Amino acid sequence: MGTEMTQKPAVASDKTGVAVGPVILLGAPGAGKGTQAQRITDYFGIPQISTGDILRDHIRRGTELGLQARAQMEQGQLVGDQVVCDMVADRIAQPDCAIGFILDGFPRTVKQAQWLDRHLAQKHYFEIDHGCRKQPIVIQLTVEYNDLLRRLTGRRTCPTCGRIYNANTSQKPLVEGVCDLDGSALVTRKDDREEVIMERLKNYEAQTLPLADYYGMKKRLVEIDGSVADVDAITAEVRKAIEHGDCL
Ligand code: ADP
């Protein structure tokens, strides 16, 4: 709802420590995956794995992988499947992923989704104590094209803590251009320029949207309307889906 609702500090809940299993957030660029992932992370006490953030971190640090991925990302193209799958394999092997994790921005192609299914099975991921969920739950956030454009052109990020704001929506910072939490100057991502945004949305339709069918056929998909202005209401829906979809 209002700005004040979206700026509340994160509160850990009594759900922290409960086995949640893998949660996949699916949705177009700008659909709100990152925002919801941050909130769900706080609520369930499980890590957010954002392949976009990991890749941007590689670019900042100037690693070999960052150098390879940079041009593709800045042009709104996807980075190669193998590179991204290896990155995810490393991350989910960390102990903090044992009771669950949220994938934000992965998988993004059918190949990546097939890889993830194989990988989780091979690693006997579901033989660890995960409650009764046997497969990842996939939450698709749906938002109309024009709304996506408005959100993406207004998106600002804190380079220090990663918090996401939006100059065009109710998620504005308290002081324009400044992070509420640490006072850093907010930045606009290089790929949030209009021509690159169009390319990203086009690639989403062609390469990522087919995943809704892929997971839908496996009965793992929950669709949530991500277009409502009340970010808290969307979070409540996402939480409900995770809590009640645990025996999929
Ligand atoms: P958004 O979802 O808002 O477009 P992300 O931060 O998730 O942004 O990703 C930014 C860019 O990083 C993508 O446009 C793509 O180039 C690259 N990327 C992120 N995740 C993947 C992935 N799973 N597969 C391939 N490329 C990826």
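Reader: What share of the chain's contacts with a separation of 6 or more comes from residues 24 or more positions apart?
Author: That share is 74%. Contact means heavy atoms within 4.5 Å of each other. This is a predicted model, where local features need pLDDT of at least 70 and side-chain atom pairs count only at pLDDT 80 or more, while totals for chains, interfaces and linings use all residues. Residues are numbered from 1 along each chain as its sequence is written, and side-chain values use heavy atoms, with hydrogens and water left out.

Reader: How many helices and strands does the chain have?
Author: Ten helices and seven strands. Both are DSSP runs numbered from the N terminus: H or I over at least four residues makes a helix, E over at least two makes a strand.

Reader: Where is Val-138 found, and why is Val-138 called what it is, buried or exposed?
Author: You'll find Val-138 in strand β4, residues 137-142. Buried means under 20% relative accessible area, exposed means over 50%, and partly exposed is in between (1.4 Å probe, protein chains only). Val-138 has 0% relative accessibility, so it counts as buried. Chain-wide, 48% of the 248 residues get that label.

Reader: What does Val-138 touch, not counting residues up to four places away in sequence?
Author: Ile-24, Leu-26, Tyr-215, Arg-220, Leu-221 and Val-222. There's also a nice example of sequence versus space: Val-138 and Gly-216 are 78 residues apart in sequence, but their C-alpha atoms are 8.9 Å apart.

Reader: And Lys-219, is that buried or exposed?
Author: Lys-219 has 66% relative accessibility, so it counts as exposed. Lys-219 is in the loop between α9 and β7 (221-225). Its phi is near 60 degrees, a positive value in a residue other than glycine.

Reader: How do you know what span α5 should have?
Author: The expected span is 1.5 Å times one less than the number of residues. For the twelve residues of α5 that gives 16 Å, and the end C-alpha atoms are 16 Å apart, so the two agree. Helix α6, with 13 residues, reaches 18 Å from first C-alpha to last, close to the 18 Å expected.

Reader: Which residues are buried in α5, and what covers them?
Author: Val-84, Cys-85, Met-87, Val-88, Ala-89 and Ile-92 are buried. Their cover includes β2 (48-50), α3, α4, β3 and α6. From the α6 side, His-119 touches Ala-89 and Ile-92, leaving out residues up to four places away in sequence. With 10% relative accessibility, His-119 is itself buried.

Reader: What do the buried residues of α6 pack against?
Author: β1, α5, β3 and α9. With α9 (residues 210-217), α6 (residues 110-122) packs at an angle of about 35 degrees, and the axes are 9 Å apart. Axes are lines fitted to C-alpha atoms, for helices over the stretch in contact, with angles from 0 to 180 degrees between N-to-C directions.

Reader: Which residues of α6 and α9 meet there?
Author: Val-110, Ala-113, Gln-114, Leu-116 and Asp-117 in α6 meet Pro-210, Leu-211, Tyr-214 and Tyr-215 in α9.

Reader: What makes a nonpolar core, and how many residues does the largest one have?
Author: Such a core is a set of buried Ala, Val, Leu, Ile, Met, Phe, Trp, Tyr and Cys residues joined through side-chain atoms within 4.5 Å. The largest has 28 residues, and Leu-103, Phe-106, Leu-116 and Tyr-215 have the most contacts inside it. Helix α5 gives the most to this core, with six residues. Apart from that core lies another, of 26 residues, among them Tyr-43, Phe-44, Val-143 and Leu-152.

Reader: What is the peptide bond from Phe-106 to Pro-107, cis or trans?
Author: It's cis, with omega near -5 degrees. Pro-107 lies in the loop between β3 and α6.

Reader: How many disulfides does a search of the whole structure find?
Author: Zero. Cys-158 is in no disulfide, and the nearest cysteine sulfur, that of Cys-161, is 3.7 Å away. A disulfide needs a pair of cysteine sulfur atoms within 2.5 Å, so that pair doesn't qualify. Cys-158 is buried, at 2% relative accessible area, and Cys-97 is buried at 1%.
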